[in-house]
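Biologist: Please put the model up. I want to ask about the ligand, its pocket and some backbone oddities.

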Amino acid sequence: MNKYTIFGNPVSHSLSPVMQTAGFRHLQLDNTYDKTLLTDENIKDIFFKLGLSGANITVPHKEYAYNSADIVVGDAKTIKAVNTYIRQGDKIVAHNTDSYGFMMAIDEFRPLSSVLIIGAGGTARAIAVALKSANLTTTVANRTAKKLEFFDMLGVNTTTTDNINTNHKYDLVVNATSAGLCDSDYPMSQDKLRRVLTDSKYVFDCIYGTMTPFLSMAKQLNIKYKDGEDMLLYQGVKAMELWTNTKATKGLINSMRSALRDKNGKQGEL
Ligand code: ATR
């Protein structure tokens with residue numbers, strides 16, 4: 001039996017335990033997966049003290065987890081934030097599976113050539129890195145300029161939401177902010193957002209389990225839209241593959257998805 005957990009603050013709302021436990025049961029593994037509220041403790045010390053084989057990391061610890069890992073693999077090196085830990089002897093190997101989760105979630109949105117991401121936090125970073133690797137024209141818009149520096153360095157287009165060019169056409173518009181999660185906010189001024197969405201084909205919200213004002217606007221404008229459920233699912237599927245060194249079957253994915261849906265009514269962010 002191996003032990004896993006999700007580190008976060010807050011973490012009580014996380015659906016990862018039900019989803020990952022369903023995955024382990026499907027694979028007939030008696031592994032456990034808990035929630036660990038991490039405040040100011042050292043993540044590496046706790047990881048080894050709890051005798052974990054792996055973990056997920058959620059808000060606000062993804063950057064801290066990146067800095068604490070011994071080995072960082074893949075896209076996570078560019079994103080500089082991680083959501084998955086794997087123990088390898090006395091070392092922690094870290095990955096970011098949010099990029100994979102996002103690309104799987106938007107797989108049905110085709111054809112795609114230009115994407116607007118609203119928000120510039122850790123989730124937006126994972127998405128921008130994935131889109132850039134896929135050679136899609138990417139623009140990041142944030143309400144404040146500070147966090148745009150990362151994206152300027154990455155080489156994607158950036159703007160503040162106040163200065164956004166509403167005449168530009170984006171195939172896909174993504175909400176990677178927390179606007180609409182626990183409030184009725186739009187991620188940018190309602191008027192500007194309506195003008196941007198009017199020319200777009202698809203809309204994706206990283207928030208799951210709730211009809212945000214952002215998604216409601218897409219619905220009203222008859223634009224194909226999706227919430228963040230599949231992104232949550234597939235980042236978890238990828239973590240499961242990494243922990244168990246297996247390739248996910250449709251059966252495994254369906255078990256994990258059903259577990260998420262059974263918890264219907266809960267909402268959250270990655
Ligand atoms: P995460 O790691 O989940 O992406 P984060 O790093 O806290 O979270 O980033 C949250 C993002 O949502 C930021 O881009 C934030 O904008 P600021 O950089 O200006 O703070 C954005 N955000 C949060 N609430 C918002 C709101 N009500 N309207 C617009 N943007 C919002």
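Modeller: An oxygen atom of the ligand lies 2.7 Å from an N or O atom in the side chain of N142. This is a predicted model, where local features need pLDDT of at least 70, side-chain atom pairs count only at pLDDT 80 or more, and totals for chains, interfaces and linings use all residues. Residues are numbered from 1 along each chain as its sequence is written, and side-chain values use heavy atoms, with hydrogens and water left out.

Biologist: What makes the N142 pair a polar contact?

Modeller: A polar contact is a pair of N or O atoms within 3.5 Å. The N142 pair is at 2.7 Å, so it qualifies. T144 also qualifies, with a side-chain N or O atom 2.6 Å from a ligand oxygen. For A120, a polar backbone atom is 2.8 Å from a ligand oxygen. The protein covers 78% of the 650 Å² of accessible area that the ligand has on its own (Shrake-Rupley method, 1.4 Å probe).

Biologist: Which residues surround the ligand, and what are the closest?

Modeller: There are 16, each with a heavy atom within 4 Å of the ligand. The closest are A120, T123, N142, R143 and T144. By class, this shell has 4 nonpolar, 8 polar and 4 charged residues.

Biologist: Why is the space taken by the ligand called a pocket?

Modeller: The space taken by the ligand is the largest pocket. On a 1 Å grid over the protein atoms alone, a pocket is an open set with protein on both sides within 12 Å along at least five of seven lines. The ligand counts as sitting there because more than half of its atoms lie within 2 Å of the grid points.

Biologist: What is the volume of the largest pocket, and which residues line it?

Modeller: The volume is about 710 Å³, the space filled by probe spheres set on the points. Its lining has 27 residues, each with an atom within 4 Å of a point. Closest to the centre are G121, K147, A176, T177 and S178. Helix α6 (122-133) gives the most, with 4 residues.

Biologist: What makes P60, P111 and Q28 backbone oddities?

Modeller: Most residues other than glycine have a negative phi, and most peptide bonds are trans. The bond from V59 to P60 is cis, with omega near 5 degrees. P60 is in the loop between β3 (52-57) and α3. The bond from R110 to P111 is cis too, with omega near -5 degrees. Q28 is not a glycine, yet its phi is positive, about 55 degrees.

Technical notes: Polar contact = N/O pair within 3.5 Å; in protein donor to acceptor, adjacent residues only side chain to side chain. 1 Å grid on protein atoms, 1.4 Å probe; cavity = no way out; pocket = protein on both sides within 12 Å on 5 of 7 lines; lining within 4 Å. Nonpolar A, V, L, I, M, F, W, Y, C, P; charged D, E, K, R; others polar. Helix = DSSP H or I, 4+ residues; strand = E, 2+ residues; numbered from the N terminus.
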